[in-house]
Amino acid sequence: MAKKSVLQQKRAAYQPKLPAALWGPVKAVKGEPTQSVGDQEEIKNLFPNTYGLPQLTFEKATEPAPCVDAFNVGVILSGGQAPGGHNVISGLFDGIKAINKDCRLYGFLMGPGGLVDHQYMELTADIINDYRNTGGFDIIGSGRTKLEKPEQFERGLEIINKLNIRAIVIIGGDDSNTNAAVLAEYYKAKNVPVQVIGCPKTIDGDLKNGLIETSFGFDTATKVYSEVIGNIERDCNSAKKYWHFIKLMGRSASHIALECALQTQPNCCIISEEVEAKNMTLNDIVDSLAKVVAARAAQGNNFGTVLIPEGLIEFIPAMKALIAELNDMLAANPQFASLSAAEQREFVLSHLSAANAEAYASLPEGVARQLSLDRDPHGNVQVSLIETEKLLSEMVGKRLAQMKKEGTYVGKFAALHHFFGYEGRCADPSNFDADYCYGLGYNAAQLINCGATGYMSSIRNLTKPSAQWVAGGIPITMMMNMEHRNGKNKPVIKKALVDLEGKPFKAFAAMRDEWALNTCYTYPGPIQYFGPEEVCDQPSRTLYYEQN
């Protein structure tokens, strides 16, 4: 067995805090019936058995908990890793054991595929205790198999029946929880007594709404990234000769970039949603960055930091139109993958509309090729493979060379590049995420106990002390709308983008001009697990601004 570090040993002893409502027996209080955020009739027709369910809120029960027969639960980790996943599982384990000590928990291995392929293990106390308050998903592994076909559901049902499982808990992001909703509807339609509960996971922060205040892992990941950005800023301010272009995870939204900007105060931070709202071109972005570089150079400061969201390229309107047409074209022409690189480029140019073909041809060949490479399992461009940070620095360098000839730039420009992604996905969870994740898992056990299915575990009021957090569940269909995916309209959970009218963005926008010209860097340092509450237990700046 691998040797545990001193920190691992100390963190194993940490007891996550729960909302007061979950300290003992609970009762479920039903709210009003709900409806989806969009396309209500279509979503209702697709989910006739799980649509319109009420919100659930848990309160302390005044009566002792009734005796409950033991039941078994299956758990799945789905999609990319996020700090705190192990605590969701340990909270779920403790939650079902508190209901009946003879309840059993089975983990399906390597994601949803484990359910379909009948690969599983029982998670006992000895196993669970080794993973409390740790990062990663290595307790059972994760995968990206999509649960969307009846034959998959039927194969899953075989092992569910064999293990006498009453409920499946799917820990995942928006696509994984969409799959959870589809699975819940399928079993409900067949009158099969299997419950399906989701838990909101993604470091990207785009799975949230009024009742899901944040997805787990976002707090830890952004604190990890902010520590390293702060280190780079300190080096940058010491050497005074480099511009650092830093790409951050966040394919569909800029929450990570915005949060890291609020924590570290870089010279520039691009917010993809603003780029789209202002109909900015790639050249507009380059010009804005070049102006900041030139303004700082005029003060003798030939250094700086730029934060770039991973998914920026998809938010530039001209690029977005190009990618949308590319997605449909590639979905309709599977033979594309067998062509040579040169043949692929000609194929793309000959099958695109004139405007999009022109945009495609204008891109550097490497970037253009990356846009037409294989999609991920959800049909999306793999934007993490597109070196946006290098593309921007190269274009900024060319623009500055022109400005120097024109006499409007007098400095020296040297760029360094970084991409912070996997570094933040498996860190030991912050105290906030350790508590939040444990609460989500424990709360999921209560949703199972009250008979809920098609619900997502929800813990709210997160800027208050944990005892004041509000526990409950919300119907997954409440978060859904119809979107165009892989050439078809499909029901999906609506992604939460950065709200340009929201308090976090407005706080950033009010300060960014000063950050651009002056050196206002903030150095958050590493995550602290032991010490005063204001150092160790604070939520993200995004949550702070949203709730205060």
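**Figure 1. Helix 13 and helix 14 in the predicted model.** Axes here are lines fitted to C-alpha atoms, for helices over the stretch in contact, and the angle between two of them runs from 0 to 180 degrees between N-to-C directions. The model shown in this and the following views is predicted. With that meaning of an axis, helix 13, which covers residues 317-332, and helix 14, which covers residues 341-351, have axes that come within 11 Å and cross at roughly 110 degrees. Helix 13 is therefore roughly perpendicular to helix 14, and the crossing in which helix 13 passes helix 14 is right-handed.

**Figure 2. Helix 3 and its packing against helix 18.** Helix 3 is formed by the 15 residues 85-99, and from its first C-alpha to its last it reaches 22 Å, close to the 21 Å expected at 1.5 Å a residue. Of these 15 residues, 13 are buried, so helix 3 is largely enclosed by the rest of the structure. One element that it packs with is helix 18, made of residues 431-449, and the two axes lie 7 Å apart at an angle of about 40 degrees. That angle makes helix 3 oblique to helix 18. Helix 3 passes helix 18 in a right-handed crossing.

**Figure 3. Helix 11 and the glycine that follows.** Helix 11 runs through the 17 residues 282-298, which should span 24 Å at 1.5 Å a residue, and the 25 Å between its end C-alpha atoms agrees with this. An α-helix has 3.6 residues a turn, so residues three or four places apart point the same way. The buried residues of helix 11 include L282, I285, V286, L289, A290, V293 and A297, and V292, A294 and R296 are buried as well. Just after the end of helix 11, G300 takes a positive phi of about 90 degrees.

**Figure 4. A salt bridge between strand 4 and strand 5.** By the rule used here, the model has a count of 21 salt bridges. In one of them the side chains of E122 and R104 meet, with 2.8 Å from N to O. The pair links distant parts of the chain, since E122 belongs to strand 5 (residues 120-122) and R104 to strand 4 (residues 104-108), and the two are 18 residues apart. E122 counts as partly exposed because its relative accessibility is 27%, and R104, at 37%, likewise counts as partly exposed.

**Figure 5. A salt bridge joining two loops.** The closest N and O atoms of D206 and K495 are 3.7 Å apart, and the two residues form a salt bridge. This pair also links distant parts of the chain, with D206 in the loop between strand 7 (195-200) and helix 8 (218-239), K495 in the loop between strand 15 (488-493) and helix 19 (503-517), and their positions 289 residues apart. Both partners, D206 and K495, are buried.

**Figure 6. A salt bridge from helix 21, and a network of charged residues.** E546 and K208 form a salt bridge in which the closest N and O atoms are 2.8 Å apart. Here E546 lies in helix 21 (residues 541-547), whereas K208 lies in the loop between strand 7 and helix 8, so that this pair, at 338 residues apart, links distant parts of the chain. With 31% relative accessibility, E546 counts as partly exposed, while K208, at 16%, counts as buried. Elsewhere, D174, D206 and K495 are joined into one network by salt bridges that share partners.

**Figure 7. Cysteines without a disulfide partner.** A disulfide is a covalent bond between the sulfur atoms of two cysteines. With sulfur atoms required to be within 2.5 Å, the count of disulfides comes to zero. C236 is in no disulfide, and the nearest cysteine sulfur, which belongs to C268, is 11 Å away. C236 counts as buried, its relative accessibility being 2%. For C426, the closest cysteine sulfur is that of C437, and at 13 Å it is too far for a bond. C426 counts as partly exposed at 37% relative accessibility.

**Figure 8. L500 in its loop, with G531.** L500 is found in the loop between strand 15 and helix 19, and with a relative accessible area of 23% it is partly exposed. From L500 to G531 the separation is 31 residues in sequence, and in space it is 35 Å from C-alpha to C-alpha.

Notes: Residues are numbered from 1 along each chain as its sequence is written. This is a predicted model: local features need pLDDT of at least 70, side-chain atom pairs count only at pLDDT 80 or more; totals for chains, interfaces and linings use all residues. Side-chain values use heavy atoms; hydrogens and water are left out. Helices (H or I, at least four residues) and strands (E, at least two) are DSSP runs, numbered from the N terminus. The expected span of a helix is 1.5 Å times one less than its number of residues. Buried means under 20% relative accessible area, exposed over 50%, partly exposed in between (1.4 Å probe, protein chains only). A salt bridge is a side-chain nitrogen of Lys or Arg within 4 Å of a carboxyl oxygen of Asp or Glu. Angles under 35 degrees count as roughly parallel, over 145 as roughly antiparallel, 65 to 115 as roughly perpendicular and the rest as oblique. A crossing is left-handed if the near helix is turned anticlockwise from the far one by less than a right angle, and right-handed if clockwise.
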